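Please explain how the helices and strands of this model pack against one another. A walk through a few of the contacts will do.

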Amino acid sequence: MDLKTNHASPVLTESSSVNISRLAFRQNMLPCSSPTTVLSTGLHLTVPRKKTGVLDDVRSTGWLDAMIASSPPPKRVTRDANEKDGAADTELSYQTWMVKYPSGLNTFEKIADHAKGKRIVLFLDYDGTLSPIVDNPDFAFMHKSMRDAVKRAANCFPTAIISGRSREKVLDFVKLTNLYYAGSHGMDIMYPIHKISSDGHTCPVEKQLKKFNLFQPASEFLPMIDEVFNILVEATKDIAGATVENNRFCVSVHFRNVDMTNWPMVGGIVHDMLKNYPRLRLTHGRKVLEIRPIIDWDKGKAVMFLLESLGLNERDDVLPIYVGDDRTDEDAFKVLREGNRGLGILVSSIPKESSAYYSLRNPSEVEMFLKRLVRCKKSHAL
């Protein structure tokens, strides 16, 4: 299968039967088909816009506090008794936190018991979930063993990666063709033409993705995103360590390698730039500022859209499992928690509030979790 990312999106030759009405879209929405993608004629996709000026995150005040709050300091290597005591206290705090968010490994039997007789659908974040967080985002490579674990999981369960990265970048990192990809926090979704049949069978993903649909609800923002990207590259070029990444439908300003004394400068540049773009909003990640279109779309809606396009959204025998580490993954956790639709698993080595049910400490534990799922599937324990 050829999934080279430097080619234009393929022309779709088959109609889709995706029913968007169940996702609670309003009728007065403007259609947002991508100018670079020919959608199948039977598919009319629209998405609501958020009210201009209403932001999910900090915009006019407190942006520096938000940068600090969303960017915990790196772990220090302990060298003396006092620091070891501090490390022990940190571990005790984490173990206490796990009472509310139990380990997905320690409670795996409970998860497996809940999944018996159901069709698991996996949704995975990328950075911090499948790959470690690194100083340079261009080098966030997943380990070979993780790639193998994801590939084996995708052979057993429908699997999608939903990332803040551009879809092309995630595909280039993962290099697997047996799963689905949603980039830009779900604003660029590659989804199958053929739904999964009632008996759970469908043609292999590799064959599906030779002809696939693209859903890009923010396509009209592409020129604006490119403009903002160029502005921010120029404005931050003299700030040591600052990097700006164009993720197609959002712009990410990374300050992980910026001296903390210069954080106000980075935040100020982004804040001042946004004054001229009332249709864009600011969200905070782990040492990254993300500029995104103001539309009512997030990873949670991307999950529901993918379930709908797979024909699995209204079946009692389906169990979606979402694994992610970022604040943006909370939208997916909330969607799955509502009505007990599925399970959210937060990847975190520090205690923090979440709408997830379970936790995993790091990508290594994610890999172990995926391997255990596959073993259970192959032993017919699921």
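Glycine 339 takes a positive phi of about 65°, just after helix 10. The model is a predicted one, and this backbone angle is a computed value like the others below. Helix 10 itself spans residues 330-337, and its buried residues are Glu330, Ala332, Phe333, Val335 and Leu336. The cover over these buried residues includes one helix and two strands: helix 9 (299-309), strand 10 (318-324) and strand 11 (343-347).

Earlier in the chain numbering there is an open sheet. Four strands make up this sheet in the order 6-7-9-8, and their pairing is antiparallel. Strand 6 (243-246) and strand 8 (280-285) lie at the edges, each pairing on one side only. From one strand to the next, the twist averages 20°. Strand 8 runs antiparallel to strand 9 (residues 288-293), and six bridges join the two. Within this pairing, arginine 281 has arginine 292 of strand 9 as its bridge partner.

Helix 8 links the sheet to the next topic, the packing of helices. This helix lies across strand 7 (251-254), strand 8 and strand 9, and runs at about 10° to strand 9. Helix 8 (residues 263-274) also packs with helix 7 (residues 222-235), at an angle of about 145° and with the axes 11 Å apart. Their crossing is right-handed. Helix 7 contributes Val228, Ile231, Leu232 and Ala235 to the contact, while helix 8 contributes Ile269, Val270 and Met273. By class, the residues of this contact are seven nonpolar, no polar and no charged.

A second helix pair joins other parts of the chain. The axes of helix 3 (residues 108-115) and helix 11 (residues 363-378) come within 11 Å of each other and cross at roughly 45°. An angle of this size falls outside the ranges for roughly parallel (under 35 degrees) and roughly perpendicular (65 to 115), and the two helices are therefore oblique to each other. Helix 3 passes helix 11 in a right-handed crossing. On the helix 3 side, the contact consists of Phe108, Glu109 and Ile111; these meet Phe369, Arg372, Leu373 and Cys376 of helix 11. Here the classes are five nonpolar, no polar and two charged residues.

Which classes make up each of the two helix contacts? For helix 7 with helix 8 there are seven nonpolar residues and no charged ones, whereas the contact of helix 3 with helix 11 has two charged residues beside five nonpolar.

Key: Residues are numbered from 1 along each chain as its sequence is written. This is a predicted model: local features need pLDDT of at least 70, side-chain atom pairs count only at pLDDT 80 or more; totals for chains, interfaces and linings use all residues. Side-chain values use heavy atoms; hydrogens and water are left out. Axes are lines fitted to C-alpha atoms, for helices over the stretch in contact, and angles run from 0 to 180 degrees between N-to-C directions. Angles under 35 degrees count as roughly parallel, over 145 as roughly antiparallel, 65 to 115 as roughly perpendicular and the rest as oblique. A crossing is left-handed if the near helix is turned anticlockwise from the far one by less than a right angle, and right-handed if clockwise. Contact means heavy atoms within 4.5 Å. Ala, Val, Leu, Ile, Met, Phe, Trp, Tyr, Cys and Pro count as nonpolar, Asp, Glu, Lys and Arg as charged, and the others, Gly among them, as polar. Buried means under 20% relative accessible area, exposed over 50%, partly exposed in between (1.4 Å probe, protein chains only). Two strands pair if DSSP finds at least two bridges between them.
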